[in-house]
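Work through the exercises below with the sequence and the coordinates at hand. Each task is followed by a solution in steps.

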Amino acid sequence: MAVASGLLMVLVGSGFVVLLVSVQGLRGSEHEAQHTSAVLTSAHQVERLVNDLATGQQDYVITGQQKFLAPWEQAAAQLPQQTAALQQLVAGSPDELSRAQAAGRSITSYLQDYSLPQIQTVRQDPDSTRTEAAISEGTRRVAAIRSVLDALISREQQLSTTEQRQSDAIADRSLVAAMAGLAGSVVLVLGFTVYLTRAIVRPVRVTAEMANRLAAGDLAVRVPETGVGEIRTLERTFNTMAASLGTASADLAASRARIVRSSDETRRRIERDLHDGIQQRLVSLALDVRALQADGATAELDGVANGLAATLDELREIARGIHPAILTQGGIEPAVRMLARRSKLPVEVAVDVPARLPAPVEAAAYYVVCEALSNAAKHADASGAIVDVRIVGNVLRLSVQDDGRGGADPARGSGLVGLDDRIAALDGTLKVESPSGKGTTLTVTVPL
């Protein structure tokens, strides 16, 4: 950016310098043109006055009439001032000053040595001035004056032509410099724009898009580290952050999976201990009591046997709630149908699971159905429920719908929160739709 800005500054500055020099040159050329025009005007004025001087004298000599002498008198009066002005205008050029001085001397000589004496002679003897010699002398003197003035005028015209060419050349250089500066500026700005787009705008847009994907949960997204300077630092930092988030997410998922697995194993161990330990012992004690009854023991043994049987039923109920054996032995379909049969509500069940699911997925699905049916019976005042479990592609989709009063809020119940944690540990989602007065629908998706 600094290099491009410097180049643009140099290019624009150079263009302005050339334009300033050209403007200064054009001003000088204009001044010279004005001076040349003034010199030409003054020289032509002197030449006209000399013509008036010669013509007035010639007419007076021929006619002898005083009225023809008026142009001569006016020219004689103006010539000293005009020749002095001409000499002042060409004072800066020695050659032209020499010509102007020579013309002034010739005019003065013509006026004093020839014209005035001839006019005085005409007044005394008109015929004496009408000779061929007198006329040819005047013609020669005027031709000499005109020759000097013509040389001066020709020189000034050459200078004017040269100055015009120089002005045209300066104008052409200015135009070329302006066009080159404009074209160079446009090219440089376009190049700068392309560079900024490729080096800054495009990487920032890509990083912003990747940030949106990262915010949406795609932790595997990465940005190509193709930028320069701070942009490359931004890309590298983004990738480091994404990698850290991915690692943290993987660690969290693994931790949650370990917690759920440990919870399930603990449930199985407790169920096994109850079944294999206390439950078997209670069964044995009940059989012993029944044997004593058969041998004619007292009637109190009947109460003990009944109490043992009730306790045994309660233990079996607790064991089924901790981890049902039917889920371990038969899978999700018989377990869900057992929950439907045990529910206080009429439950319609549809299960389309062609094979056994992973144990954590089966356990999560079982507890979702169990919790949903329990809530529908206890809190929703529902008259019935529908359970649908099926495999779609490589995803387990489970829904439990009741026709209760709705209005269920997962934030107010620890059961749904626990289920959401269990499903999230399997990278699944749990969605609760419970509009007031329109029942509740629990939808679960779990990737297999």
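Helix axes that meet at an angle under 35 degrees count as roughly parallel, and those over 145 as roughly antiparallel. The model used here is predicted.

**Exercise 1. Helices α1 and α3**

Determine how the axes of α1 and α3 are oriented to each other, and list the residues that make the contact.

Solution.
- Step 1. Helix α1 covers residues 2-63 and helix α3 covers residues 94-124; their axes come within 10 Å and cross at roughly 20°.
- Step 2. The cut-off for roughly parallel is under 35 degrees. α1 and α3 are therefore roughly parallel to each other.
- Step 3. The crossing of these two helices, α1 and α3, is left-handed.
- Step 4. On the α1 side the contact is formed by V46, V50, L53, A54, Q57, Y60 and V61. On the α3 side it is formed by I107, Y110, L111, Y114, S115, Q118, I119, V122 and R123.
- Step 5. Sorted by class, the contact of α1 with α3 holds 12 nonpolar, three polar and one charged residues.

**Exercise 2. The sheet**

Give the strand order of the open sheet, and explain why β1 and β4 each have one side without a neighbour.

Solution.
- Step 1. Five strands make up the open sheet, in the order β1-β2-β3-β5-β4, with mixed pairing.
- Step 2. β1 (347-352) and β4 (429-433) are at the edges and each has a single partner strand, so one side of each is left without a neighbour in the sheet.
- Step 3. Ignoring direction, neighbouring strands of this sheet are turned by 10° against each other on average.
- Step 4. β1 pairs with β2 (residues 385-392) in the parallel sense over six bridges. Within this region, D352 has R390 of β2 as its bridge partner.
- Step 5. β2 and β3 run antiparallel and are joined by eight bridges; A385 stands opposite D402 of β3. The hairpin of β2 and β3 has two residues between the strands, and G393 in this hairpin takes a positive phi near 65°.
- Step 6. β3 and β5 are also paired in the antiparallel sense, over eight bridges. Here the bridge partner of Q401 is T441 in β5.

**Exercise 3. The two faces of β3**

Which side chains of β3 point to one face and are buried, and which point to the other and are not?

Solution.
- Step 1. In a regular strand the side chains alternate between the two faces of the sheet.
- Step 2. In β3, the side chains of L396, L398, V400 and D402 point to one face and are buried.
- Step 3. Those of V395, R397, S399 and Q401 point to the other face and are not buried.

**Exercise 4. Helices α8 and α9**

Describe how α8 and α9 lie on the sheet and how they pack against each other.

Solution.
- Step 1. Helix α8 (residues 332-342) packs on the sheet, where it touches β1 and β2; the direction of α8 makes about 175° with that of β1.
- Step 2. Helix α9 (residues 359-378) lies across β1, β2, β3 (395-402), β4 and β5 (440-447), and runs at about 10° to β3.
- Step 3. The axes of α8 and α9 are 10 Å apart, and the two helices pack at an angle of about 15°. α8 is therefore roughly parallel to α9.
- Step 4. The crossing of α8 and α9 is right-handed.
- Step 5. I332, A335, V336, M338, L339, A340 and R342 of α8 meet E362, A365, Y366, V369, C370 and L373 of α9. The contact of α8 with α9 comprises 11 nonpolar, no polar and two charged residues.

**Exercise 5. Positive phi outside glycine**

Locate D381 and D427, and decide whether D381 and D427 are buried or exposed.

Solution.
- Step 1. Most residues other than glycine have a negative phi.
- Step 2. D381 has a positive phi, near 55°, and lies in the loop between α9 and β2.
- Step 3. D427 has a positive phi of about 65° and lies in the loop between α10 (414-425) and β4.
- Step 4. The cut-off for exposed is over 50% relative accessible area. With 59% relative accessibility D381 is exposed, and with a relative accessible area of 58% D427 is exposed.

**Exercise 6. N239**

Is N239 buried or exposed?

Solution.
- Step 1. N239 is in helix α5 (residues 230-294).
- Step 2. The relative accessibility of N239 is 10%. Buried means under 20%, so N239 counts as buried.
- Step 3. Leaving out residues up to four places away in sequence, N239 touches R222, V223 and E225.

Conventions: Residues numbered from 1 in each chain as written. Predicted model: local features only at pLDDT ≥ 70, side-chain atom pairs only at ≥ 80, totals over all residues. Heavy atoms only, no water. Pairing = 2+ DSSP bridges. Helix = DSSP H or I, 4+ residues; strand = E, 2+ residues; numbered from the N terminus. Axes fitted to C-alpha atoms, helices over the stretch in contact; angles between N-to-C directions. Contact = heavy atoms within 4.5 Å. Parallel < 35°, antiparallel > 145°, perpendicular 65-115°, else oblique. Left-handed = near helix turned anticlockwise from the far one by under 90°. Nonpolar A, V, L, I, M, F, W, Y, C, P; charged D, E, K, R; others polar. Buried < 20%, exposed > 50% of the residue type's maximum accessible area, 1.4 Å probe, protein only.
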